[in-house]
Amino acid sequence: MDTAPAPELSILLISWNTRQMTLDCIASVYEQTHDTSFEIIVLDNASSDGSVEAIREQFPDVVVMAETVNHGFSVGTNLQVPQARGKKILLLNTDTVVLDRAIDNLMAFSRREPQAKIWGGRTLFGDRSLNPTSCYGRLTPWNQLSQALGLTALFPRSPFFNPRAYPGWLRDSERRVDIVTGCLLLIDKSFWEELGGFNAGYFMYGDDTDLCARAIRLGAKPMITPSATIVHYGGGSTRSHTRKICQISAAHIAIIKQHYPWGWRNFGAATIVANVLIRRVGYGLAARLRPSRFGEVAANWRAAWAQREEWRHGYPSGKAPG
């Protein structure tokens, strides 16, 4: 029987063929976390790169849940939480590196701003430039239409045409946001349980958007702080760009069906389909003029459009499209 006192925090990582990134992430947690008692739980989604063996060898104190199938992010996290002993849980991507005592600072931030109920931080790319994807604004019919028509790409710094990205804000101040992304998301375990965890219908992408939307309806006011800064390389578990397009499209359609007002749902879903079609045509034309520059990206959008029956209705029972 384990008689060790429960830690303040349970840090949850989902691993899928990111062996070295996962090892680097875990090492950074130990190196940079000094004021918080914590445990690390890694659920491995049937990796084939020796991740399980390497983690157990280098970090014997880490709890490793070695799965024989790939559950995806949502179901994998839901399997981890019952094993967590901390009062708070931190979702942390394996393709991240913790900087400057970020986890200690995030915990302190949560104590200062308890009304937020969901807390996040600031993310950087590997070259230490801003990676703005630690948070987003909510999906709306307008921002989805702007995305489909390419207005967000034409006017990326416009709060009117690109409101989801919070343009002009460098994530350098504490601020309330609509969505804290799952790469760095802190939440009380009791509130997670009240929410029922992730919706298992989301295989990958969209799960944090859905979680935050449900949390806000229960009174949460999600916030992020620049004092909790990490490197987030991005894409460590999604190497195929076509697959990523399909998964994100499916996730957005699922969000629209679940959270849009009834009268907007068909319109919202149509904007996602239009977004892929417009890019399939646009990049296809560009590839004819400059194949060396646009050939690969055109092929990805063409393949995603060809697979539209797999994603245009949303996630089918948690199955990943693409």
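This passage describes the salt bridges, a pocket, a surface patch and a loop residue of a predicted model.

A search of the whole structure finds seven salt bridges. In one of these, the side chains of K88 and D188 meet, with an N to O distance of 3.1 Å. Since K88 belongs to strand 4 (residues 88–92) and D188 to strand 11 (residues 184–188), the pair ties together parts that are 100 residues apart in sequence. The partners differ in their surroundings: K88 is buried, with a relative accessible area of 15%, whereas D188, at 24%, counts as partly exposed.

A salt bridge also joins the side chains of E174 and R112, at 2.7 Å from N to O. This pair, too, links distant parts of the chain, with E174 in the loop between helix 6 and strand 9 and R112 in helix 4 (residues 102–112), 62 residues apart. Both residues are classed as partly exposed, E174 with a relative accessible area of 38% and R112 with one of 48%.

The salt bridge between R214 and D210, by contrast, lies within one element, as both residues belong to helix 8 and stand four residues apart, about one turn of the helix. Their side chains meet at 3.0 Å, N to O. R214 is buried, with a relative accessible area of 15%, and D210 is likewise buried, with a value of 0%. Elsewhere, salt bridges that share partners join D35, R101 and D104 into one network.

Helix 8 also takes part in the second largest pocket, which has a volume of about 310 Å³. The pocket is lined by 15 residues, of which R138, L139, A213, R217 and H259 lie nearest its centre. Helix 8 (207–217) and helix 9 (241–259) each supply at least two residues of this lining, and helix 8 gives the most, with five residues. By class, the lining consists of nine nonpolar, three polar and three charged residues.

On the surface, L277, V281 and L285 form a nonpolar patch, and together these residues have about 240 Å² of accessible area. Of the residues in this patch, L285 lies in helix 10 (residues 265–289).

The loop between helix 6 (151–154) and strand 9 (175–176) contains A165, a residue that is partly exposed, with a relative accessible area of 24%. Between the C-alpha atoms of A165 and N105, which are 60 residues apart along the chain, the separation is 24 Å.

Conventions: Residues are numbered from 1 along each chain as its sequence is written. This is a predicted model: local features need pLDDT of at least 70, side-chain atom pairs count only at pLDDT 80 or more; totals for chains, interfaces and linings use all residues. Side-chain values use heavy atoms; hydrogens and water are left out. Patches are made of residues with over 30% relative accessible area and no salt bridge: like charges are joined within 9 Å, nonpolar side chains (Val, Leu, Ile, Met, Phe, Trp, Tyr) within 5 Å. Accessible areas come from the Shrake-Rupley method with a 1.4 Å probe; for residues, only the protein chains shown count as cover. A salt bridge is a side-chain nitrogen of Lys or Arg within 4 Å of a carboxyl oxygen of Asp or Glu. On a 1 Å grid over the protein atoms alone, a cavity is a set of points where a 1.4 Å probe fits but cannot get out, and a pocket is an open set with protein on both sides within 12 Å along at least five of seven lines; lining residues have an atom within 4 Å of a point. Grid points are joined across faces, edges and corners, and a volume is the space filled by probe spheres set on the points. Ala, Val, Leu, Ile, Met, Phe, Trp, Tyr, Cys and Pro count as nonpolar, Asp, Glu, Lys and Arg as charged, and the others, Gly among them, as polar. Buried means under 20% relative accessible area, exposed over 50%, partly exposed in between (1.4 Å probe, protein chains only).
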